[in-house]
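Please open the model in your viewer and keep the sequence panel beside it, since each stop on this tour begins with a selection.

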Amino acid sequence: MIMAQLSPELSVVDLGEATVLNYQMSRKIADKAYDRAKTAENEADKKVISGMVSDCEYVIEWLSTGRRPGNKRGIERRAAYQREKLMDPLKMQAYVQKGNAGSPSNLSDWERFQIEDALTGLSDRERECFVMSRGECFSYNDIASMLNIKKSSVKEYVERAQVKISRNLQNSLFL
């Protein structure tokens, strides 16, 4: 702890690393300074020092909980579509192309096995629509016209496939 005396009523204290304990000490120092400003009835100092106190409390909460204060949802509580990435689109495209030449998007045998394992729980139509949409990058309109079904059906098949793949990813031993 390093102290520097600037004037009789003002000193600077370096408490070291940003730890919860050091910020608690900073808050106590700021609380004492706020009390002194309160008794002197100095409104400008009170406003600045109360900001310091609230900043210390904010950092203490962040350091002690490990998440941003005031956040209503931590990362572990986000909706599935916000936290899960089903598959890397480049890997899905490489899976469909089945190329073995020196492209960086080529898959190893293990990656190919993982994708096949994730796709096993899909019906034939879901798999067909999902692979055409994600692997071959066709639009829903193009897929619908090729398969002679409605665009809304294609969208439904792809959404169901995503849900099933997500469930497979959580329960599979290989992924």
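Begin with the whole chain coloured by accessibility: of the 175 residues in the protein, 23% are buried. Keep in mind throughout that this is a predicted model. Switching to a cartoon view brings up eight helices and two strands, and, followed from the N terminus on, the elements run β-β-α-α-α-α-α-α-α-α. If you draw the contacts between residues at least 6 apart in sequence, 47% of them join residues at least 24 apart.

**First stop: helices H1 and H2**

Select residues 20-39, which form helix H1, together with residues 43-65, which form helix H2; their axes come within 9 Å and cross at roughly 160°. Angles over 145 degrees count as roughly antiparallel, and H1 and H2 are therefore roughly antiparallel to each other. The crossing in which H1 passes H2 is left-handed.

To see what makes this contact, show the side chains on both helices: H1 contributes residues including Val20, Tyr23, Arg27, Ala30, Tyr34 and Ala37, while H2 contributes residues including Ile49, Met52, Val53, Cys56, Ile60 and Leu63. Coloured by type, the residues of the contact of H1 with H2 divide into 13 nonpolar, four polar and six charged.

Now move to the loop between H1 and H2 and select Glu41, which has its place there. Glu41 is not a glycine, yet its phi is positive, at about 55°. With a relative accessible area of 66%, the residue Glu41 is exposed.

**Second stop: the largest nonpolar core**

Which residues touch the most other members of the largest nonpolar core? Select Met92, Leu119, Cys129, Phe130, Ile143, Val154 and Ile165, for these are the ones that do so among its 17 residues. At least two residues of this core are supplied by each of helix H4 (89-97), helix H5 (109-119), H6, H7 and helix H8 (151-171).

Centre the view on Ile143 and display its surroundings, leaving aside neighbours within four places in sequence: Ile143 is in contact with Cys129, Met132, Ser133, Phe138 and Val154.

Next, select Val131, which lies in helix H6. Val131 is buried, with a relative accessible area of 15%. A C-alpha to C-alpha distance drawn from Val131 to Met92 gives 7.8 Å, although the two are 39 residues apart in sequence. Apart from neighbours within four places in sequence, Val131 is in contact with Met92, Val96, Leu119 and Glu136.

**Third stop: helices H6 and H7**

Select helix H6 (124-135) and helix H7 (140-147), which pack at an angle of about 135° with their axes 10 Å apart. H6 and H7 are therefore oblique to each other, and H6 passes H7 in a right-handed crossing.

The contact is made on the H6 side by Arg125, Glu128, Cys129, Met132, Ser133 and Arg134, and on the H7 side by Tyr140, Ile143, Met146 and Leu147. By type, the residues of the contact of H6 with H7 divide into six nonpolar, one polar and three charged.

Between H6 and H7 is a loop, and the residue to select in it is Cys137. Its phi is positive, at about 60°, although Cys137 is not a glycine. How accessible is Cys137, as a relative area? The value is 48%, and Cys137 is partly exposed.

**Last stop: Ala118, Gly121 and Arg167**

Finally, select Ala118 in helix H5, where the residue is buried with a relative accessible area of 1%. Draw a distance between the C-alpha atoms of Ala118 and Arg167, which are 49 residues apart along the chain, and the separation is 9.0 Å.

Continue to Gly121, found in the loop between H5 and H6. Gly121 counts as partly exposed, at 40% relative accessibility. Here, too, a distance can be drawn to Arg167: the C-alpha atoms of Gly121 and Arg167 are separated by 9.4 Å, with their positions 46 residues apart along the chain. Displaying the contacts of Gly121, and not counting residues up to four places away in sequence, shows that Gly121 touches Lys164 and Asn168.

Technical notes
Residues numbered from 1 in each chain as written. Predicted model: local features only at pLDDT ≥ 70, side-chain atom pairs only at ≥ 80, totals over all residues. Heavy atoms only, no water. Axes fitted to C-alpha atoms, helices over the stretch in contact; angles between N-to-C directions. Helix = DSSP H or I, 4+ residues; strand = E, 2+ residues; numbered from the N terminus. Parallel < 35°, antiparallel > 145°, perpendicular 65-115°, else oblique. Left-handed = near helix turned anticlockwise from the far one by under 90°. Contact = heavy atoms within 4.5 Å. Nonpolar A, V, L, I, M, F, W, Y, C, P; charged D, E, K, R; others polar. Buried < 20%, exposed > 50% of the residue type's maximum accessible area, 1.4 Å probe, protein only. Core = buried A, V, L, I, M, F, W, Y, C linked by side-chain atoms within 4.5 Å.
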